[in-house]
Amino acid sequence: MVTLAEVAQHAGVSASTVSYVLSGKRSISANTRQRVERSIQELGYHPNAGARALASSRSNIIALMVPLRTDMYVPVMMEIAIAVATHARTHGYDVLLLTGEEGPDAVHRVTGSGLADAMILMDVELDDERLPLLRQTDQPSVLIGLPADTSGLTCVDLDFGATGALCAEHLALLGHRDIAVIGEAPAVYERHTGFAERTLDGLRSRSRELGLRVLHRPCEGGYDAMALTLARILDERPGTTGFVVQNESAVEPLLALLRQQGRAVPEDMSVIAICPDQVATQASVRLTSVAIPAQEMGRLAVEHLIAKLEGHGEDEVALIAPELTVRASTGPAPTAA
């Protein structure tokens, strides 16, 4: 392993000069700085993380809290996490991934131990137990998600309320009047997870304005669960002609079941999905969808957090406007309906 002393010898400067170049604590001439940086690059020197943290009172680590639950679509969560890690690295920060369901204990552990300089929290609930501790600490933090009360917090998210409204508007414009929402697993709503609740609120509110009837049914996902959910929907509302699916695991089972029942998409039934573009475009019918902007959510969270770490970030809510892409799964409501 290359040492600081070896970098100094290679650059023809003192060890203290190399240290000042790394820490930025003293002004160093441009020529000397360039020599030191060139030596660092050529020798492949990496400062000792522990020593650097002691010297600067910073760990250069961001803690990312993302409970990996079986009732959530993990690929989306991990895509956001990768985006956070990638963008954090461009600012010189590494990411510590905390995946347990520790809640407030994890926040207390990070803030009390100096493990990280700042935190990003995912899987945010409307009344999230972690938030009182966040408001009490001076450590910078950003939420990817929206709780009921955003005061004193910085939040980044897709505007899920507008997403639900956009789905209702699209189906109404096509003449549909009875629509069903196939939602996440029941546990997601039992926890009052923000994105699911806000989507439903936005869709119901806009549907009332447009004269649509809405039936919401949570679904565990998978073929058997989807079969029971679809049977229940069509039994309660046989005139249903439009579906909004906010459950990636239910998308393909729903399309398969509709085919088996002789219901053509979109001639008999229209389907909109709230999902990653990859899920929408690779389905057996290319789905009209509102994309989950995972990369943008991760990038925005890091940018807001870095601004806080540098002392000029303000608490705010940054919502990404939804975009609906029309594909092959939606069309005019059947005239018989």
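I will talk about the salt bridges in this structure and then about its cavity.

Please keep in mind throughout that what we have here is a predicted model. Let me start with the charged side chains, since the model contains 15 salt bridges, and I would like to go through a few of them with you.

The pair to begin with is Asp149 and Arg135, which form a salt bridge whose closest N and O atoms are 3.8 Å apart. This pair connects distant parts of the chain, with Asp149 sitting in the loop between strand S4 (141-144) and strand S5 (155-158), and Arg135 in helix H7 (residues 131-136), 14 residues away. Are the two partners buried or exposed? Asp149 is partly exposed, because its relative accessible area is 42%, and Arg135 also counts as partly exposed, because its value is 35%.

Two other pairs are found within a helix. In helix H10 (residues 194-210), Arg206 and Glu209 are three residues apart, which is about one turn of the helix, and their side chains come together in a salt bridge at 2.7 Å, N to O. Arg206 is partly exposed at 24% relative accessibility, whereas Glu209, with a relative accessible area of 56%, is exposed.

In helix H14 (residues 294-309), Arg299 and Glu296 are about one helical turn from each other, because they are three residues apart, and their salt bridge has an N to O distance of 2.9 Å. Here Arg299 has a relative accessibility of 28% and is partly exposed, and Glu296, with a relative accessible area of 30%, is partly exposed as well.

Beyond these pairs, there is a network of salt bridges that links Arg69, Asp71, Asp123, Glu125 and Arg191.

Now to the empty space inside the model. How many cavities of 30 Å³ or more does the structure hold? There is one, and the volume of this largest cavity is about 330 Å³. Its lining is made up of 21 residues, and those that lie nearest the centre are Met72, Val76, Met77, Phe160 and Phe195.

As for where the lining comes from, helix H5 (74-90) and helix H10 each contribute at least two residues, and H5 gives the most, with three. Helix H10, then, is a part of the chain we have met already, as the helix that holds both Arg206 and Glu209. In its chemical character, the lining of the largest cavity divides into 13 nonpolar residues, four polar ones and four charged ones.

Note on methods: Residues are numbered from 1 along each chain as its sequence is written. This is a predicted model: local features need pLDDT of at least 70, side-chain atom pairs count only at pLDDT 80 or more; totals for chains, interfaces and linings use all residues. Side-chain values use heavy atoms; hydrogens and water are left out. A salt bridge is a side-chain nitrogen of Lys or Arg within 4 Å of a carboxyl oxygen of Asp or Glu. Helices (H or I, at least four residues) and strands (E, at least two) are DSSP runs, numbered from the N terminus. Buried means under 20% relative accessible area, exposed over 50%, partly exposed in between (1.4 Å probe, protein chains only). On a 1 Å grid over the protein atoms alone, a cavity is a set of points where a 1.4 Å probe fits but cannot get out, and a pocket is an open set with protein on both sides within 12 Å along at least five of seven lines; lining residues have an atom within 4 Å of a point. Grid points are joined across faces, edges and corners, and a volume is the space filled by probe spheres set on the points. Ala, Val, Leu, Ile, Met, Phe, Trp, Tyr, Cys and Pro count as nonpolar, Asp, Glu, Lys and Arg as charged, and the others, Gly among them, as polar.
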